[in-house]
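Morning, everyone. Please have the viewer open, and we will walk through this one together.

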There are 2 protein chains.
Amino acid sequence: MPHLSPPLIQSLRNLLGERLSTSLTLREQHGRGEAHHAAAFPDAVAFAETTSEVSEIVRLCAAEGVPVIAFGAGTSLEGHLTALNGGVSIDLSRMSKIARISIDDLDCTVEAGVTREQLNTYLRDMGLFFPIDPGANASIGGMAATRASGTNAVRYGTMRENVLGLTVVLPTGQIIRTGGRARKSSAGYDLTRLFVGSEGTLGIITEVTLRLYGIPETISAALCSFESVEQTVAAAIQVVQLGIPVARMELMDRGLIRAVNAYSGLDLKIADTLAFEFHGSPAGVQEQVDMVSAIVEEHGGKDFEWANAPEERNRLWKARHNAFYAVVSQRPNAKGWSSDVCVPVSQLSNCILKTRELLQDCSVPAAILGHVGDGNYHVVFAVDPGNAEELGEVAAINKKMVRYALSVGGTSTGEHGVGTGKIAYLREEHGDAVDLMALIKHAVDPAGIMNPGKILPN
Amino acid sequence: MPHLSPPLIQSLRNLLGERLSTSLTLREQHGRGEAHHAAAFPDAVAFAETTSEVSEIVRLCAAEGVPVIAFGAGTSLEGHLTALNGGVSIDLSRMSKIARISIDDLDCTVEAGVTREQLNTYLRDMGLFFPIDPGANASIGGMAATRASGTNAVRYGTMRENVLGLTVVLPTGQIIRTGGRARKSSAGYDLTRLFVGSEGTLGIITEVTLRLYGIPETISAALCSFESVEQTVAAAIQVVQLGIPVARMELMDRGLIRAVNAYSGLDLKIADTLAFEFHGSPAGVQEQVDMVSAIVEEHGGKDFEWANAPEERNRLWKARHNAFYAVVSQRPNAKGWSSDVCVPVSQLSNCILKTRELLQDCSVPAAILGHVGDGNYHVVFAVDPGNAEELGEVAAINKKMVRYALSVGGTSTGEHGVGTGKIAYLREEHGDAVDLMALIKHAVDPAGIMNPGKILPN
């Protein structure tokens, strides 16, 4: 694929002025996410401020067959941002306007660069919140593009369920709007869901219409310690199977608790732990707490530690959100590698035990954490990205985890996306359906300029 | 497009024997749904019993460019089943096996011809249910293909949220599996959601993997009468805006209650009415009931009539489900025409009042009903399908309803699908995004043999 020609650079500069940069620092920063994947630099970084600018950038690049890669907050974990074929990184972080909020309809429209923390700060005084919470302070556009979810998904769903509509710039530069503001619709192909999770390979999401929720009357959080991972998972599975509507239910193994204590200056008990959050009316929360307490006790869980005041809860969840960084920080100059499988809940115990076996002889720091209410869990490894042997070791463990998850009906990625990191597993997971994905990709982006080499091989 | 050639008929007969029929009665029955749309007969009806038979039928038809139209239970309301270009109606009703149920994972896989009542009868003894309930005893495959929903969607979502995976026969005859059993996944394009709502125009759904739910510990239902539609809708909106998790909240105007009483032998009070259902623990249901009662009272609602015993509830909901037939039966030889708009909840009151104005001088029997918790409502008209003037009158009202719904951010169809009936509004609703739908259709089905003339014009 062609890299940027001087005339194209000039055209982009005419459009964007100083907002088109070819500085090495910016290119390096835009050629990687937060994980271990080796950076691949784009030829230039374009800071777009409007949808029509994005359209114009794409149009100019398309005319020369130059790749374009959308960049939000840079928190990708599967190599989505690597410019494998060079091209232009379109940075959307300046598209950070909250365009519209309807309290009556519990929805809003935001530009793609708005981050989830920015949105929730803005919403708080209205008594509303947006629940999808991948931990990192990702951009809403990036979260839509990777079909992100996180700790609250067990109760509120993922980006799949919470995006009502999108503005998208197609590979031709054409701007379309998908979906709408009605809560449901049967009006034609579900283009919204086609773009949610398409990782910038079919178009660039520039605006997102989201469902919002009222902040629950009562919120209560608790940590609970177990004697073993087995018991921890068994308790979690029972909570799911009884349909108790917990808002969050997070597994943190003892290794993770140790890392989190060190990183966030906490003194949580070093044990395999479930962290819960309950949302509802006072009576509803009490009922959930009673049921969960009984289940936890039955599985040997104890030492319930409550965090009911907002600041205590925030401290707890901030620590949980920093789990990735906590593990990585255990080693100087390390990078994180996060596995990300999701399995039917009945298989969760098997899978996590197998994973523990795989980790027994692992030479790098590693910890297990998971949104166990969904059957989704991760191992975070702290790797030396320059050490091929170590990367090979972790890749082998990751492969075994994925293979096992697929063998029991699970998926190779619950929430991080395919990027470059999971391409190798896509056919194993979806069989010939991958051919249909490729057919759609080719129809929508025949020149292959949209984030090439992600989801589908180059 | 070519109709069936004698050699193709022979090949299909070799494959299916007696299960390939060209009888006029069967062709007529397969060339229409339950609504007013004029039938267009397929050339033959093929009763498939397996996915590989469907694949073989499609392959044979594709070789001659002959259209194929999937047929489930025949309950379509927007002309999906009309064989505008002839071809083969593939009847899936014999594919009625419940292939797999997992109580632990709350999911199941069923063949496309399984009906929702069949599934729920099967599930009842396991303490499980599948909530999506469009009223008619539709097939699960048809419900997936039209992105159906119905009375429970306000609490449990639509087919969009409740289908985990599909088996699909593509226009080439190739069989693919989309999605999987994990509750969430970021592994590639969301082909499941692309086929959900594609109305047989991209492929034929032959198996569906569904989320299931535990039957709630407590279920309680109630009817409540109001003085006016305005008050009825105002109460409903407040219930939504306060986030009370009602399982059902149905508007029935006084005309509908009259029709339902006559059709189902009931003596419900003739008034604009909300019908509620509450699901949860005993305390949770009581809390919902208390909150809803207060709202209802505030809006002048009274005469709460409770239906807590299962048989009373069933009688109530059966009457509601038969609303369509109840309106139609008011006139001998009439057919039903059901409008189907869905709007942001804040616009619901406006829209329903406008609709009432439109109905004031309407010359045919008509009643308003709606899943008002979602902003989705219908007018059912009883029309004489042979009377062009009458059809024109209803079409004009329908057009005004749709246009108004679109002008306030709504959709032309909340749950019935596009079929032939809403094609004219698709571009008005989605603008240039329709071109992308057409591009995808053309890429997946270049010969245009899959249910031609539905969603997109021929």
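Over all chains, a search of the whole structure turns up 52 salt bridges. Please keep in mind that this is a predicted model. As background, side chains of opposite charge can pair when their charged atoms come close. I will go through three of these pairs, then a network.

Start with A:D105 and A:R181, whose side chains form a salt bridge with an N to O distance of 2.9 Å. Where do the two partners of this pair sit in the chain? A:D105 is in the loop between β5 (98-102) and β6 (107-111) of chain A, while A:R181 is in the loop between β9 (175-179) and α8 (191-195) of chain A. They are 76 residues apart, and the pair links distant parts of the chain. A:D105 counts as buried because its relative accessibility is 8%. A:R181, with a relative accessible area of 21%, is partly exposed.

The next pair is A:R320 with A:E250, where the closest N and O atoms are 2.8 Å apart. A:R320 belongs to helix α12 of chain A and A:E250 to strand β13 (residues 248-252) of chain A, so this salt bridge ties together parts that are 70 residues apart in sequence. Are these two residues buried or exposed? Both A:R320 and A:E250 are buried.

For the third pair, move to chain B. The side chains of B:K97 and B:E111 meet in a salt bridge, at 3.8 Å from N to O. B:K97 lies in the loop between β4 (88-91) and β5 (98-102) of chain B, and B:E111 is in strand β6 (residues 107-111) of chain B, 14 residues apart. Why does B:K97 count as exposed? Because its relative accessibility is 53%, and the cut-off for exposed is over 50%. B:E111, on the other hand, has a relative accessible area of 8% and is buried.

Now the network. Salt bridges link A:R116, A:E117, A:D133, A:R248, A:E277 and A:R313. Take one of these members, A:E117. A:E117 sits in helix α4 (residues 116-124) of chain A, and with a relative accessible area of 39% this residue is partly exposed. For a sense of distance, the C-alpha atoms of A:E117 and A:S346 are separated by 33 Å, with their positions 229 residues apart along the chain.

On to the surface patches. One is negative and is formed by A:D267, A:E305, A:E311 and A:E312. Within that patch, A:E311 is in helix α12 (residues 310-321) of chain A; that is also the helix that holds A:R320. A:E311 counts as exposed because its relative accessibility is 55%.

There is also a nonpolar patch on the surface, made of A:I103, A:Y122 and A:M126. Together these three have about 280 Å² of accessible area. A:I103 lies in the loop between β5 and β6 of chain A, the loop where we also found A:D105. At 46% relative accessibility, A:I103 counts as partly exposed.

That loop has one further point to show, and it concerns the backbone. A:L106 lies there too, between β5 and β6 of chain A. What is phi of A:L106 near? It is near 50°, a positive value in a residue other than glycine. A:L106 counts as buried, because its relative accessibility is 13%.

Chain B has an example as well. B:E199 is not a glycine, yet its phi is positive, at about 55°. B:E199 is placed in the loop between α8 (191-195) and β10 (204-211) of chain B. Its relative accessible area is 4%, so B:E199 is buried.

Last, the annotation. An unreviewed UniProt entry lists residues 38-215 of chain A as "domain: FAD-binding PCMH-type". In the model, that span is 23% helix and 26% strand, and its end C-alpha atoms lie 40 Å apart.

One more residue, A:T25, is in helix α2 (residues 24-30) of chain A. With a relative accessible area of 62%, A:T25 is exposed. The C-alpha atoms of A:T25 and A:F41 are separated by 9.7 Å, and the two residues are 16 residues apart along the chain.

That is the end of the tour.

Conventions: Residues numbered from 1 in each chain as written. Chains lettered and ligands numbered in written order. Predicted model: local features only at pLDDT ≥ 70, side-chain atom pairs only at ≥ 80, totals over all residues. Heavy atoms only, no water. Patch = residues over 30% accessible without salt bridge, like charges linked within 9 Å, V, L, I, M, F, W, Y side chains within 5 Å. Areas by Shrake-Rupley, 256 points an atom, 1.4 Å probe, with all protein chains shown as cover. Salt bridge = Lys/Arg side-chain N within 4 Å of Asp/Glu carboxyl O. Lys, Arg positive; Asp, Glu negative; His and termini not counted. Charge placed at Lys NZ, Arg CZ, Asp CG, Glu CD. Helix = DSSP H or I, 4+ residues; strand = E, 2+ residues; numbered from the N terminus. Buried < 20%, exposed > 50% of the residue type's maximum accessible area, 1.4 Å probe, protein only. UniProt positions renumbered as here; feature names shortened; annotations may be inferred.
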